Amino acid sequence: MSDQMQKIVLASRPDGAPTPENFRLESADMPQPGDGEILVEVHYMSLDPYMRGRMDDAKSYAQPVPIGGLMEGGSVGKVIASKDPSFNVGDFAFGAFGWATHGVAPAKQCQKVDAEAVPITASLGVLGMPGLTGWYGLNEIGQPKEGETLVVAAATGPVGSIVGQLAKAKGLRTVGIAGGAKKCEIATRDFGFDVCLDHRAYDDAKSLRAALKEAAPDGIDIYYENVGGKVLDAVLPLMNPHGRIPLCGMIAWYNAGGLGADAEGAGLTAPRLWRTILVNFLTVRGFIISNHWNRMPEFHREVAPMVAAGRVKVKEDITEGLENAPQAFIDMLNGGNTGKAIVKVK
């Protein structure tokens with residue numbers, strides 16, 4: 001085994017959208033596990049929108065990545081050394097190993113992955129953090145009921161696609177919003193959405209809202225919010241009384257800096273936003289899925305059999321090579337991926 005590993009660190013904080021210069025590929029000594037830890041050779045690593053927030057030095061639910069620090073993220077790979085009885089050499093494990101070829105983590109913070117049940121990449125997407133996010137937000141906050149209408153943006157992404165499929169299985173009308181005609185075709189053909197709108201085909205929120213009104217003639221009962229921006233502006237006036245809005249992200253504003261706090265107001269002002277929530281008795285609840293890891297076993301019991309049986313479809317966008325992770329991440333933030341963004345490290 002080599003005594004060197006590779007990793008990608010944060011070279012500088014972005015001013016707006018990240019650039020390749022904000023990242024740096026470095027070599028480092030191979031880490032060694034201590035008591036209760038495992039050393040993993042990473043096979044695949046996840047790229048997720050929340051990582052953009054970690055690049056900003058702004059107050060949030062988690063500490064920012066320091067300059068020169070390892071870019072954070074979840075990965076799955078093979079255990080090559082173990083000092084904990086719960087993992088054997090040769091097991092596959094998911095953990096927060098970061099943007100690196102190898103990583104050490106406490107065994108109790110890692111999850112054993114059954115490489116024979118489903119592809120190990122599922123632990124990064126449909127059966128991992130994004131899948132749990134979609135399942136929890138839809139069921140716990142969305143409270144879906146048969147016959148209702150759901151709208152979700154980024155409909156072909158790992159969160160939006162599972163939200164749409166689970167809602168459809170519960171008898172809801174599902175309306176997706178995605179960037180580009182190709183993604184909209186995938187949303188309806190592969191993920192079973194009743195209709196999908198290309199937000200890039202509409203110049204402003206008003207025209208997108210008109211199309212949404214046709215796609216959701218009975219109004220919108222659940223808006224699964226993971227984008228913000230023009231889509232939120234278009235959706236909000238169409239919410240039915242007592243509608244529910246699970247809020248897990250606002251990717252349209254992340255590149256504005258300050259975790260979105262520095263974004264321009266677009267068409268939504270606080271008085272207008274608040275009044276719409278008030279007079280329509282809307283429930284809006286933000287959540288961070290790391291506060292709900294205890295629901296993972298319940299989520300797996302329900303969704304893993306659906307994935308194994310092909311009743312929940314999966315689409316992955318895999319980039320080869322750790323060195324290409326920064327560009328793949330930049331592309332993902334601009335909607336350049338189709339399906340779960342993953343980097344194949346080994």
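Me: Which helix gives the most to the lining of the largest cavity?
Reply: This is a predicted model, and by the rule used here its count comes to one cavity of 30 Å³ or more. The lining of that largest cavity takes four residues from a single helix, and no other helix is credited with the most. The helix covers residues 158-169 and is α3.

Me: How much space lies in the largest cavity, and which residues are the closest to its centre?
Reply: About 100 Å³ of space lies in the largest cavity. The lining has 17 residues, which divide by class into six nonpolar, seven polar and four charged. The closest to the centre are Val-126, Pro-158, Ser-161, Val-314 and Lys-315.

Me: How do the residues that line the second largest pocket divide by class?
Reply: The second largest pocket holds about 210 Å³ of space. Its lining has 13 residues, and the closest to the centre include Val-113, Asp-114 and His-300. Strand β7 (111-113) and helix α9 (296-308) each supply at least two residues of that lining. By class the lining has eight nonpolar, three polar and two charged residues.

Me: What radius of gyration does the protein chain have, set against that of a compact globule?
Reply: The C-alpha trace of the protein chain spans about 60 × 45 × 35 Å along its principal axes. With 346 residues, a compact globule would have a radius of gyration near 20 Å. The chain agrees with that value, at 20 Å.

Me: Of contacts between residues at least 6 apart in sequence, what percentage join residues at least 24 apart?
Reply: The secondary structure of the protein chain comes to ten helices and 15 strands. Of its 346 residues, 51% count as buried. Among the contacts asked about, the part that joins residues at least 24 apart is 67%.

Me: Is helix α10 largely enclosed or largely in the open?
Reply: Helix α10 covers residues 325-333. Its buried residues are Ala-325, Pro-326, Ala-328, Phe-329, Ile-330, Met-332 and Leu-333. Just after α10, Gly-335 takes a positive phi of about 80°. Seven of the nine residues of α10 are buried, so the helix is largely enclosed.

Me: Of the ten residues of α8, what is the number buried?
Reply: Helix α8 covers residues 270-279, Thr-276 among them. Thr-276 has 14% relative accessibility, which is under the 20% cut-off, so Thr-276 counts as buried. The helix lies largely in the open, because the number of buried residues is one.

Me: Which backbone oxygen lies 2.9 Å from a polar atom of the side chain of Thr-276?
Reply: Leaving aside neighbours within four places in sequence, Thr-276 is in contact with Leu-236 and Leu-282. The polar atom of its side chain has a backbone oxygen at 2.9 Å, and that oxygen belongs to Arg-272.

Me: Which residue in the loop between α8 and β13 has a positive phi?
Reply: The loop between α8 and β13 (283-286) holds a residue that comes just after α8. Its phi is near 55°, a positive value in a residue other than glycine. The residue is Phe-281.

Me: Is Ala-154 buried, partly exposed or exposed?
Reply: Ala-154 is found in the loop between β8 and α3. Its phi is near 50°, a positive value in a residue other than glycine. The relative accessible area of Ala-154 is 35%, between the cut-offs of 20% and 50%, so this residue counts as partly exposed.

Me: How far apart in space are Thr-149 and Ala-215, C-alpha to C-alpha?
Reply: Thr-149 lies in strand β8 (residues 149-153) and counts as buried at 4% relative accessibility. Not counting residues up to four places away in sequence, Thr-149 touches Arg-173, Val-175, Ala-216, Gly-219, Ile-220, Asp-221 and Ile-222. Thr-149 and Ala-215 are 66 residues apart in sequence, and in space their C-alpha atoms are apart by 9.8 Å.

Me: What is the C-alpha to C-alpha distance between Ile-141 and Val-284?
Reply: The place of Ile-141 is in helix α2 (residues 129-142), and with a relative accessible area of 4% Ile-141 is buried. The residues that Ile-141 touches include Arg-244, Ile-245, Pro-246, Arg-285 and Phe-287. Ile-141 and Val-284 are 143 residues apart in sequence, and the C-alpha to C-alpha distance is 8.4 Å.

Notes. Residues are numbered from 1 along each chain as its sequence is written. This is a predicted model: local features need pLDDT of at least 70, side-chain atom pairs count only at pLDDT 80 or more; totals for chains, interfaces and linings use all residues. Side-chain values use heavy atoms; hydrogens and water are left out. On a 1 Å grid over the protein atoms alone, a cavity is a set of points where a 1.4 Å probe fits but cannot get out, and a pocket is an open set with protein on both sides within 12 Å along at least five of seven lines; lining residues have an atom within 4 Å of a point. Grid points are joined across faces, edges and corners, and a volume is the space filled by probe spheres set on the points. Ala, Val, Leu, Ile, Met, Phe, Trp, Tyr, Cys and Pro count as nonpolar, Asp, Glu, Lys and Arg as charged, and the others, Gly among them, as polar. Buried means under 20% relative accessible area, exposed over 50%, partly exposed in between (1.4 Å probe, protein chains only). A polar contact is a pair of N or O atoms within 3.5 Å; within protein, one must be able to donate a hydrogen and the other to accept it, and residues adjacent in sequence count only if both atoms are side-chain atoms. Contact means heavy atoms within 4.5 Å. The radius of gyration is taken over C-alpha atoms; the globule rule is 2.2 Å times the number of residues to the power 0.38.
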